[in-house]
Every structure is written in C-alpha cells, then in structure tokens.
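Let's take a walk through this one, going from charged pairs to a hairpin and then out to the surface. Keep the model open as you read.

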Amino acid sequence: LGHDLLNEIVLRENITNTRQILESLDQKIIKALSDKGQLNMQDGMDIALIAINQGGNAIEFCGANSALYLVRNQSISITKGNRNPVGSSLYSSKNEYTSTILSFEEGDKLYLFSDGYQDQFGGPKDKKFMRKQFKSLLCETSALNMSDQKKALDTEFKRWKGGQEQTDDVLVIGLQL
C-alpha cells in the first residue's frame, strides 16, 4: 500500500517536497484503511525520505519515526524525524511533518535505515545490538568505500546474530555524496 501510494504521490501528482509527500501519504493510508473498516489504526509505517539538490549541495529530509545519519570525517550528525508514523490515527486525525534542509560536502555519507539492525539480538550476552553501537559501527567503517562498508556491516551483523533467529527486517541504505 505504501509503495503504491508513494508512486501515486511522486510520479502522478508530481509532489517532490518531502514534508508534503509524508503528509499526503499519511492521509491516503488512513483513508484507504478506514475505507476497509480499519478506522482506528494504532500502528503506522516508519519512513525516511530525502531529496538531494546536487547543484546546491543540499539535502531535504523528512522522517516519520526515522532519522538521517550523516557521516563526515568519521564523525556522525543525526537529524531526527517526527515521532509519529504515517498512516496511524492514534496520534491525531492529521499528522504534520517537518522537513529539514542540510548542506553536504563531497564525500559525505548518508544513512537511512530500519530498526532491524539495531534491534537484532545476539552477542555474548544475547542483547540487542542497539543504536549507540550501530552509530559507532557506521563511523568506524565510514572510511571504507561503500562496497567494502556493506561487506563490513553484513559481516558484523552475522557475527552479532550468531545462531539467533533474525528479529526483524533489516535495511541500511548508504549513499556517498
């Protein structure tokens, strides 16, 4: 549902402002689910969107329960999204989202991700990987090229998980600018 609605919003309606995309997506999901008799949706969808203006060296970010990590010179800066997911009527009838404009430099790396990597159980004490360790791993491996960094993240995830079942979906998107 989310994928189809995003295509409708961006490709057919030509909306490219990340805040407007999330607000439209939120309303369309709530409408679609209420038409199916699921009026009081407690859950929602976490999502992060970016629009890159390469000529202006700027990124527009908007997130619903998601953040954007920017790594520059092995130092991380975090831009938090809004605390409410899209498609949930739990918070209000019309969720509002905020876009943030960030400048970037050549060589910066951006990361968008689900919570699956951080929530994976494993390690010597069968604990979650956690956000702090995930941020450290991104910083430590950020000097690698993107292909080698992917391999390092995959290797660490498998090492951490060990014999445990995978807890959740895992998605990490990394972009070098």
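Start at R72, which is partly exposed because its relative accessibility is 27%. Keep in mind that you're looking at a predicted model. R72 has a partner: its side chain meets that of E105 in a salt bridge, 3.7 Å from N to O. That contact links distant parts of the chain, since R72 sits in strand β3 and E105 in the loop between β5 (100–103) and β6 (109–113), 33 residues apart. E105 is partly exposed too, at 44% relative accessibility.

While you're at β3 (residues 67–72), look across to β4 (residues 75–80): the two run antiparallel and are joined by 6 bridges. V71 stands opposite I76 in β4. The hairpin has 2 residues between its strands, and N73 takes a positive phi near 50 degrees there.

Back to charges: the structure holds 8 salt bridges in total. One of them pairs K28 with E13, with the closest N and O atoms 2.9 Å apart. K28 lies in helix α2 (residues 18–35) and E13 in the loop between α1 (2–12) and α2, so this pair ties together parts that are 15 residues apart in sequence. Another joins E156 and R159 at 2.6 Å, N to O. These two are 3 residues apart in helix α4 (residues 146–161), so about one helical turn separates them. E156 counts as buried because its relative accessible area is 15%. As for sharing partners, salt bridges join E8, E13 and K28 into one network.

Finish on the surface, where I52, L171, I173 and L175 make a nonpolar patch of about 300 Å². L175 belongs to strand β9 (residues 172–176), and its 31% relative accessibility makes it partly exposed.

Conventions. Residues numbered from 1 in each chain as written. Predicted model: local features only at pLDDT ≥ 70, side-chain atom pairs only at ≥ 80, totals over all residues. Heavy atoms only, no water. Patch = residues over 30% accessible without salt bridge, like charges linked within 9 Å, V, L, I, M, F, W, Y side chains within 5 Å. Areas by Shrake-Rupley, 256 points an atom, 1.4 Å probe, with all protein chains shown as cover. Salt bridge = Lys/Arg side-chain N within 4 Å of Asp/Glu carboxyl O. Helix = DSSP H or I, 4+ residues; strand = E, 2+ residues; numbered from the N terminus. Buried < 20%, exposed > 50% of the residue type's maximum accessible area, 1.4 Å probe, protein only. Pairing = 2+ DSSP bridges.
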